[in-house]
Amino acid sequence: MAIERRGPSPPSIANTEAKRRSSSMPRWDQLVGDVLLPILNRLSFVDVQRAKTVCLHWNSVAKQLKLYTKFHRIPWLLIPPQDEESNASSDTNTKLFSIEEGQLYSSKYSGSKEICYQSFCVGSSHGYMISINCERNTLFVFNPLTEKRTELPAMDTFLGRISEDMDNGGDYLIEFAPEAASDSRFYRGWTCSRQLREHFIQKAILSCDPCHNKSYGVVLICCQTSKIAFCQCGDSGAMSWMYLEGMDAPFYDIMCHENKLYVLAKCGSLAVWDLGSDSFPVSTKTITSLFWSASLRQTLNVSSDLYTSRFYLVGSSGGVLLVVRRIGEFVDEEGRVLREGDLLTDKAAKPLVCAYRTLLFGLFRMDFDKETWVSMKSLDDQAVFVGGNHSASVLACDLPGCERNSVYFTDDYWERMNEDYLYGGHDMGVYNLKDKSVKHFYQLDALKIQPPPCWFLPNPW
């Protein structure tokens, strides 16, 4: 007589092996946040965005990266949609180029039309753009990734504006008081909105990252480099604009570093303001220098009548740096700097088209004990990013695709950017301080790029 087995059948060898493997596999969704967070902090911005899609737990932990002040370690190149008269691509999307990946991305934020067509950028700082609305002539702070926006106080009387009108082409014309429009090119006291960038607001930065401090300041170089303006922002909104006094114009650059505002002024002088107060900067030091009378020319060994200069303050692990950029006024395809008279030749029916181009950089460090600028030969493992943005330095050895001992630059030659329909906004690249070479990190299709690209630190918080 057969005996029937009662109860569950014995597990098969295959099922036993599957369960063993399942129990031994790591549960990444249960990885402790204290372990996961330092790992995410070492990833690139794009890789972090990908990691956030793994599971809800990873997405939650990734949001804590905003507590890591050094998370967004390398700027991206932001390429705005181009004006109709520009010879560049007709693509209407804002582009973001990653140096780490060598990859171009297209933005899809809903404010693109207003931000890119009715406004133009006067500064990029801590992942936020400081822009002017061309139709209302108002300033605002905007994060293109989160679309967070803060309106700044009106600047009509601050910049000397007394009235506005519109011409037949639909462009706004702004009339300024005679003392505000003293430049001979504006003897009638009228200028279009887009020329505010060149003549009335040269640069704008934030005192700190709004993600880490709800109370932050906006600092401007304005009124044709003759004024430094400051406005405090916070939970209660933005206060009124005010001038920072006590320095000799013209002003070349501004930079906030370790809770201090640094202003580069006449002849290389450096003014330092303490930003510890929640209401207004406090002047703490002014270092007077006669830097570019002889030292600059001797260090760079170039003729001043063939070149123009740009000066940038950069906060780094080595202290406060001064980066000096030399731009050839007229440079041919072989890299030779020409005089303007050389553009007319007997063989050519039309003048040669020789755009301005950056050819070399000089590097200096402020010795606060001796109160002088000291020449430097190398950035070692660092790279710096300069242009119309809040200048930045990064440790290149930790960042794939970023070249050490190099200066990455974008075009900020506002005085000549709009003088010719064939070029302007084109002058960008990477300069190697060791071999003194300039090369492209991203190749655009035209020399006329309007509005020009700028550096942008991705800040998704």
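Is F385 buried or exposed in this model? F385 is buried, with a relative accessible area of 0%, where buried means under 20% relative accessible area, exposed over 50% and partly exposed in between, using a 1.4 Å probe and protein chains only. Here are some notes to read beside the structure.

1. **Ground rules.** Please keep in mind that this is a predicted model, in which local features need pLDDT of at least 70 and side-chain atom pairs count only at pLDDT 80 or more, while totals for chains, interfaces and linings use all residues. Residues are numbered from 1 along each chain as its sequence is written, and side-chain values use heavy atoms, with hydrogens and water left out.

2. **The surroundings of F385.** F385 belongs to strand β24 (residues 382-386) and its ring pairs with that of W455 in strand β29, 70 residues apart, so the pair links distant parts of the chain. Strands here (E, at least two residues), like helices (H or I, at least four), are DSSP runs numbered from the N terminus. The ring centres of F385 and W455 are 4.9 Å apart and the planes stand at 90°, so the pair is edge-to-face. For the terms: rings of Phe, Tyr and Trp (its six-membered ring) pair if their centres lie within 6.5 Å, and planes under 30 degrees apart count as stacked, over 60 as edge-to-face and the rest as tilted. W455 is buried because its relative accessibility is 1%. F385 and W455 also join Y408 and F441 in one aromatic cluster.

3. **Another aromatic pair.** By this rule the count comes to 14 aromatic pairs. One of them brings together F230 and F280, with ring centres 6.2 Å apart and planes at 85°, so this pair too is edge-to-face. F230 sits in strand β13 (residues 227-234) and F280 in the loop between β18 (270-274) and β19, 50 residues apart, which again links distant parts of the chain. F230 counts as buried at 2% relative accessibility, whereas F280 is partly exposed at 29%.

4. **Charges over rings.** Two places deserve a look with side chains switched on. R149 lies over the face of F140, at 3.8 Å from the ring centre. The charged end of K227 sits over the ring of Y243, 4.9 Å from its centre. The rule asks that NZ of Lys or CZ of Arg be within 6 Å of the ring centre and within 35 degrees of the ring normal.

5. **Strand β5 and its partners.** What covers β5 (128-133) so well is not stated here, but six of its six residues are buried. Y128, I130 and I132 point one way from β5, and M129, S131 and N133 point the other way. β5 pairs with β4 (119-125) in the antiparallel sense over six bridges, and two strands pair if DSSP finds at least two bridges between them. S119 has N133 as its bridge partner in β5. On β6 (residues 138-142), the pairing with β5 is antiparallel over five bridges, and V141 of β6 stands opposite I130.

6. **The β4-β5 turn.** β4 and β5 form a hairpin with two residues between them. H126, in this turn, has a positive phi of about 55°, and its relative accessibility of 25% makes it partly exposed.

7. **Backbone points to check.** Most residues other than glycine have a negative phi, and most peptide bonds are trans. Besides H126, E371 has a positive phi, near 55°. E371 is in the loop between β22 (357-367) and β23 (372-376) and is partly exposed, with a relative accessible area of 37%. A cis peptide bond joins A249 and P250, with omega about 5°, and P250 lies in the loop between β15 (242-243) and β16 (253-257). The bond from Q450 to P451 is also cis, with omega near 0°; P451 is in the loop between β28 (437-439) and β29 (454-456).

8. **An open sheet.** Four strands form an open sheet in the order β16-β17-β18-β19, with antiparallel pairing. β16 and β19 (282-287) stand at the edges with a single partner strand each, so one side of each is left without a neighbour in the sheet. The twist averages 20° from one strand to the next, with axes taken as lines fitted to C-alpha atoms (for helices over the stretch in contact) and angles running from 0 to 180 degrees between N-to-C directions. β16 and β17 (residues 260-264) pair over five bridges, and C256 stands opposite L261 in β17.
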